[in-house]
Amino acid sequence: QYVVGIDLGGTKIAAALFDPAGAIISREQMETSGARTAKEVVQRMVSMIRTVSAGYPLAGVGLASPGAVDSREGIALNGTNLPEWNHVPLKKWMEKDLGVEVKVVNDANAAAWGEYVHGAGKGAENMVYITFSTGVGAGIVLDGKLLLGSRSFAGELGHTVIDPGGALCSCGNRGCWETFASGTAIRDSALSLMKERESLIRTLAEEQGEAVSAKHVFEAQKQGDAVAIDVIRRAVHYMGLGLANVIHTFNPDRIVIGGGVSRAGDQLFPALRAETERFVMAPYRQSYTLVPAGLNDDVGLIGAAALFHTNPP
Ligand code: ADP
Ligand code: BMX
Ligand code: ZN
């Protein structure tokens, strides 16, 4: 079976054709910006799918989309970074144009499935995947099945509230986990501390001609910058606290951490393991492993395509 996996993000759309063995044959990438309407975004995706699959017998398309997705009907219900993104009937529109089955799932759920089938989640019994990226996303695999929930919205762990007095989240609530533990949260707390204190973070960002982001905070921490050390200590505290909630809820044997922030590698993982263990109750200690994701940026489209190559969730 030849299948296309496609990852729709706020900044880019990536698509790849997979052969029956699950290897990538061809790949395309495109900016999301520039498309003004949902119809235009869909047209771009359809033409990318046609390009990557030209000359092959296409059997289906797996699509990873941010936000709440009705996987049964294939409707994207919201997507904060995309234009006119409200109740978009992705499955219906794309199946009509392409004439093959289209499966639509939340981006982090797709990534979780990708890690479980092909990445760092292989062989786990119960696995939770968390992405620390622009936001915090999650996907949960229990007894080998991707947990969708009765309306397929399960796993929106970034929006579990951990402090009702916390900062306003893009979802409208206050103090969601992602307002403390995402790349955006790390950037924001660095910017706020830098109002009072000097830091290498700004210099590093300027040298690279980039806006300050979590990446520069980790770079500055490596050089012993005091602000960066404080910001990361705080972020790791809240990441660990949230992971303890996850462990108490699902009793996973493996937690896989992905997303841009996970690229910090050894600057993150040992501290995060220690902080998580501080919050979990005694019986849960060392009942799980906390590991970095095994797949790269393609994890979303790999997981979306794997919805066809493996037992569908
Ligand atoms: P998206 O949310 O668009 O999927 P990413 O998964 O790439 O994006 O996550 C982006 C976040 O990851 C940004 O906050 C960025 O600063 C951060 N980031 C990227 N590289 C690193 C790194 N090496 N170390 C720490 N943070 C990083
Ligand atoms: C947000 C939410 C999740 C998503 C997560 C990670 C939207 C548009 N997105 O919490 O559905 O999985 O971000 O997304 O509501 P990322 O792009 O930061 O990886
Ligand atoms: Zn929220």
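# Briefing: three ligand sites and selected residues

Both Cys169 and Cys176 are buried. These two cysteines are also among the residues that coordinate the zinc ion (ligand 3). The model is predicted. The points below cover the zinc site, the surroundings of ligand 2 and ligand 1, one helix, and a few single residues.

**The zinc ion (ligand 3)**

- The zinc ion (ligand 3) is coordinated by four atoms: ND1 of His159 and the SG atoms of Cys169, Cys171 and Cys176.
- These donor atoms sit at 2.1 to 2.3 Å from the zinc ion.
- Seen from the zinc ion, the four donor atoms subtend angles of 104 to 121°. The arrangement is therefore tetrahedral, since four donors count as such if all angles lie between 85 and 135 degrees.
- For four tetrahedral donors, the ideal angle at a metal is 109.5 degrees.
- Along the sequence, the donor residues follow the spacing H-x9-C-x1-C-x4-C.

**The surroundings of ligand 2**

- There are 15 residues around ligand 2, and those that come nearest are Asp107, Ser133, Gly135, His159 and Glu178.
- His159 thus appears in the shell of ligand 2 and also as a donor to the zinc ion (ligand 3).
- Ser133 places a polar side-chain atom 2.6 Å from an oxygen atom of ligand 2.
- For Glu178, the distance from a polar side-chain atom to an oxygen atom of ligand 2 is 2.6 Å.
- For Glu156, the corresponding distance to an oxygen atom of ligand 2 is 3.1 Å.
- Taken alone, ligand 2 exposes 460 Å², and the protein buries 81% of that area.
- Two elements give two or more residues to the shell around ligand 2: α3 (107-118) and β10 (136-142).
- Sorted by class, this shell holds three nonpolar, nine polar and three charged residues.

**The surroundings of ligand 1**

- The residues around ligand 1 include Ser133, Thr134, Gly183, Ser213, Lys215 and Phe218. Gly259, Gly260, Val261 and Arg263 are also among them.
- Ser133 is listed around ligand 1 and also contacts ligand 2 through a polar side-chain atom.
- A polar backbone atom of Gly260 is 2.9 Å from an oxygen atom of ligand 1.
- Val261 has a backbone N or O atom 3.4 Å from an oxygen atom of ligand 1.
- Arg263 uses its side chain: a polar atom there lies 3.4 Å from a nitrogen atom of ligand 1.
- Ligand 1 taken alone exposes 580 Å², of which the protein buries 68%.
- Helix α7 (residues 214-222) supplies the largest share of the shell around ligand 1, with three residues.
- By class, the shell around ligand 1 has four nonpolar, six polar and two charged residues.

**Helix α10**

- Helix α10 (residues 299-309) is mostly covered, with 10 of its 11 residues buried.
- Among the buried residues of α10 are Val299, Leu301, Ile302, Leu307 and Phe308.
- Gly300 lies in this helix. Gly300 counts as buried because its relative accessibility is 4%, and buried means under 20%.
- Gly300 and Val105 are 195 residues apart along the chain, and their C-alpha atoms are separated by 9.8 Å.

**Single residues: helix α1 and a loop**

- Lys39 is part of helix α1 (residues 38-53). Lys39 counts as partly exposed because its relative accessibility is 43%.
- The C-alpha atoms of Lys39 and Val88 are separated by 8.6 Å, although the two residues are 49 places apart along the chain.
- Ser182 sits in the loop between α4 (178-181) and α5 (183-193). With 1% relative accessibility, Ser182 counts as buried.
- A polar atom of the Ser182 side chain lies 3.0 Å from the backbone nitrogen of Ala185.

**Residues with positive phi**

- Asp143 has a phi near 50°, a positive value in a residue other than glycine.
- Asp143 is located in the loop between β10 and β11 (145-146). At 63% relative accessibility, Asp143 counts as exposed.
- Asn251 likewise has a positive phi, near 45°, and is a residue other than glycine.
- The loop between α8 (226-250) and β12 (254-258) contains Asn251. Asn251 counts as partly exposed, at 45% relative accessibility.

Terms used: Residues numbered from 1 in each chain as written. Chains lettered and ligands numbered in written order. Predicted model: local features only at pLDDT ≥ 70, side-chain atom pairs only at ≥ 80, totals over all residues. Heavy atoms only, no water. Near = heavy atom within 4 Å. Polar contact = N/O pair within 3.5 Å; in protein donor to acceptor, adjacent residues only side chain to side chain. Areas by Shrake-Rupley, 256 points an atom, 1.4 Å probe, with all protein chains shown as cover. Helix = DSSP H or I, 4+ residues; strand = E, 2+ residues; numbered from the N terminus. Nonpolar A, V, L, I, M, F, W, Y, C, P; charged D, E, K, R; others polar. Donors = N, O, S within 2.8 Å, 3.2 Å for Na, K, Ca; no water. Tetrahedral: all angles 85-135°; square planar, octahedral: opposite > 155°, others 65-115°. Buried < 20%, exposed > 50% of the residue type's maximum accessible area, 1.4 Å probe, protein only.
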